[in-house]
Amino acid sequence: MSSVENLKSSILQSISAADNLSALEEIRISSLGKKGSVTALVKSVSELPADERKAAGALFNSLKSMVSDAIDAKKAELDAASLLSRLKDEKIDVSAPVRSLDTGRIHPISQTIDEIVSIFANMGFSVAKGPDIESEYYNFEALNLPSSHPARDMQATFFVPDAEPESLYKTVLRTQTSPVQIHAMLDKKPPIRIITPGRTYRCDYDQTHTPMFHQVEGLVIDETSNMSHLKGCLLDFLRAFFAIDDLPIRFRASYFPFTEPSAEVDIGCSKKDGKLKMGNFGDWLEILGCGMVHPNVLSNCGIDPQKYQGFAFGMGIERIAMLKYGIPDLRTFFDSDLRWLRHYGFLPLDIPNSAFGNSLMK
Ligand code: DAH
């Protein structure tokens with residue numbers, strides 16, 4: 001049996017000396033492979049006299065599992081070492097200066113948000129943020145949408161398992177950016193003038209709906225702002241955003257629980273020959289919702305509706321990006337397809353076309 005001991009120590013020695021995965025694989029093949037030395041030993045048991053088979057079988061099998069365990073352990077050791085050295089070699093210095101400005105692209109959603117922010121910043125708005133995971137209170141209740149309100153069903157809501165199942169309000173992924181209005185009014189006193197670009201979520205998926213999408217909300221609260229200010233503000237925004245100085249804008253009476261009166265805004269377009277073109281062509285396209293903030297919403301935020309008033313608006317960012325940049329399918333925004341991004345994306349140093357020099361913003 002000393003030959004078995006010799007074999008064992010020579011295999012274990014070569015395993016421990018192996019310094020790369022292919023050397024280790026060779027040892028595995030030469031010992032445990034079909035024609036390997038250990039395999040040959042295990043096979044030879046059947047040729048031994050009957051009274052020796054049991055002891056020899058146990059010995060050979062224990063050798064086999066010892067060799068296999070040693071190979072596994074060495075493999076784990078070599079894998080860890082190779083990962084470590086790759087981590088060292090492939091380290092990226094994110095603070096290094098950009099080598100080629102031509103490689104990366106800004107996603108059209110980021111670009112559109114930059115454009116929206118720059119236009120409203122010129123009008124004196126600042127950017128406010130709120131959480132994506134919201135209490136139903138902020139997403140619905142405080143916005144004058146009590147649980148019995150039929151409009152709640154229009155926004156297919158994702159509910160989040162509750163940390164406190166007993167609580168009066170469930171937790172949701174916000175279905176709109178409107179709850180940021182509530183946070184803003186609770187956090188600071190009027191005058192308030194904010195826009196709130198951000199992610200929103202609804203349980204929906206087709207060519208014009210994705211479960212996650214972006215909206216931007218606007219809110220102005222002071223003692224004097226009225227519907228004509230709302231109209232002027234949106235007119236300036238839409239003309240600057242689409243860079244069309246005579247873009248027609250139409251306000252249609254509508255209903256939102258959080259505004260009274262409420263309106264939907266259409267912009268002029270042409271849909272001739274199945275092609276959509278923005279401008280003064282006689283046709284209309286719905287683009288956003290707006291209105292004067294409902295007195296109940298002001299009261300819910302501790303703001304006296306006798307003294308203060310204001311307006312709000314909300315629109316889908318993908319929708320206006322699709323219209324401006326001719327992107328036909330909403331779902332492609334979130335496919336992470338590099339060819340798509342190279343085609344529709346923007347170079348890092350592109351300046352939003354509406355940031356400077358637009359005649360409406362001077
Ligand atoms: N939150 C609305 C929606 O998701 C959009 C909206 C409409 C926001 C009117 C507003 C508004 O602030 O006044 O459909």
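**Group meeting: the ligand site, the cores and the local backbone**

Good morning. I begin with the ligand, which has 15 residues around it, the closest being Gln176, Ser178, Arg202, Gln215 and Glu217. Please bear in mind throughout that this is a predicted model.

Which atoms of Arg202 and Gln215 approach the ligand? In Arg202, a polar side-chain atom is placed 2.9 Å from an oxygen atom of the ligand. In Gln215, likewise, a polar side-chain atom is 2.9 Å from a ligand oxygen atom. Phe313 takes part through its backbone: an N or O atom there lies 3.4 Å from an oxygen atom of the ligand. On its own the ligand has 360 Å² of accessible area, and the protein covers 90% of it.

Phe313 leads me to the interior. In the largest nonpolar core, which has 44 residues, Phe313 is among those with the most contacts inside the core, together with Phe237, Leu238 and Phe242. Several elements each supply at least two residues of this core: helix 5 (108-122), strand 6 (212-222), helix 8 (227-242), strand 8 (259-270), strand 10 (283-293), strand 11 (309-316), helix 10 (317-325) and helix 11 (338-344). Which helix gives the most? That is helix 8, with 8 residues. As general background, nonpolar side chains tend to be buried together in soluble globular proteins.

Phe237 deserves a closer look. Setting aside neighbours within four places in sequence, its contacts are Ile116, Ile119, Phe120, Met123, Met315 and Ile320. Another core lies apart from the largest one; it has 22 residues, and Leu145, Ala184, Met185 and Ala312 are among them.

I turn now to two helices, beginning with helix 10. Is helix 10 largely enclosed or not? It is largely enclosed by the rest of the structure, because 7 of its 9 residues are buried. Those buried residues are Ile317, Glu318, Ile320, Ala321, Met322, Leu323 and Lys324. Ile320, as I said, is also a contact of Phe237. Just after helix 10 comes Gly326, with a positive phi of about 65 degrees.

Helix 7 (179-187) is the second case. Here too 7 of the 9 residues are buried, so helix 7 is largely enclosed by the rest of the structure. The buried residues are Pro179, Val180, Gln181, Ile182, His183, Ala184 and Met185. Of these, Ala184 and Met185 have already been mentioned as members of the core of 22 residues. What covers the buried residues of helix 7? The cover includes strand 2 (133-135), helix 6 (136-139), strand 5, strand 6, helix 9 (295-300) and strand 11.

Next, the backbone. Where is Pro191 found? It sits in the loop between helix 7 and strand 5 (192-201). The peptide bond joining Pro190 to Pro191 is cis, with omega about 5 degrees. A cis peptide bond also joins Glu260 and Pro261, with omega about -5 degrees, and Pro261 lies in strand 8.

Positive phi values occur in residues other than glycine as well. Ala243 has a phi near 55 degrees and belongs to the loop between helix 8 and strand 7 (249-256). Its relative accessibility is 44%, so Ala243 counts as partly exposed. Ser336, also not a glycine, has a positive phi of about 55 degrees, and its place is the loop between helix 10 and helix 11. Is Ser336 buried or exposed? Ser336 is exposed, with a relative accessible area of 73%.

One further site concerns Thr39, in helix 3 (residues 37-44). Not counting residues up to four places away in sequence, Thr39 touches Ser31, Leu32, Gly33 and Lys34. Two of these approach the Thr39 side chain through backbone oxygens: that of Leu32 lies 3.1 Å from a polar side-chain atom of Thr39, and that of Gly33 lies 2.7 Å from such an atom. Thr39 and Phe60, 21 residues apart in sequence, are separated by 8.8 Å from C-alpha to C-alpha.

Finally, a word on confidence. The average pLDDT of the protein is 91, and 96% of the residues score at least 70. Over residues 355-362, however, pLDDT stays under 50, and for this stretch the model has 16 contacts beyond four places in sequence.

Thank you.

Conventions: Residues are numbered from 1 along each chain as its sequence is written. This is a predicted model: local features need pLDDT of at least 70, side-chain atom pairs count only at pLDDT 80 or more; totals for chains, interfaces and linings use all residues. Side-chain values use heavy atoms; hydrogens and water are left out. A nonpolar core is a set of buried Ala, Val, Leu, Ile, Met, Phe, Trp, Tyr and Cys residues joined through side-chain atoms within 4.5 Å. Buried means under 20% relative accessible area, exposed over 50%, partly exposed in between (1.4 Å probe, protein chains only). Helices (H or I, at least four residues) and strands (E, at least two) are DSSP runs, numbered from the N terminus. Contact means heavy atoms within 4.5 Å. A residue is near a molecule or strand if one of its heavy atoms lies within 4 Å of it. A polar contact is a pair of N or O atoms within 3.5 Å; within protein, one must be able to donate a hydrogen and the other to accept it, and residues adjacent in sequence count only if both atoms are side-chain atoms. Accessible areas come from the Shrake-Rupley method with a 1.4 Å probe; for residues, only the protein chains shown count as cover. pLDDT is the predictor's confidence in each residue, from 0 to 100.
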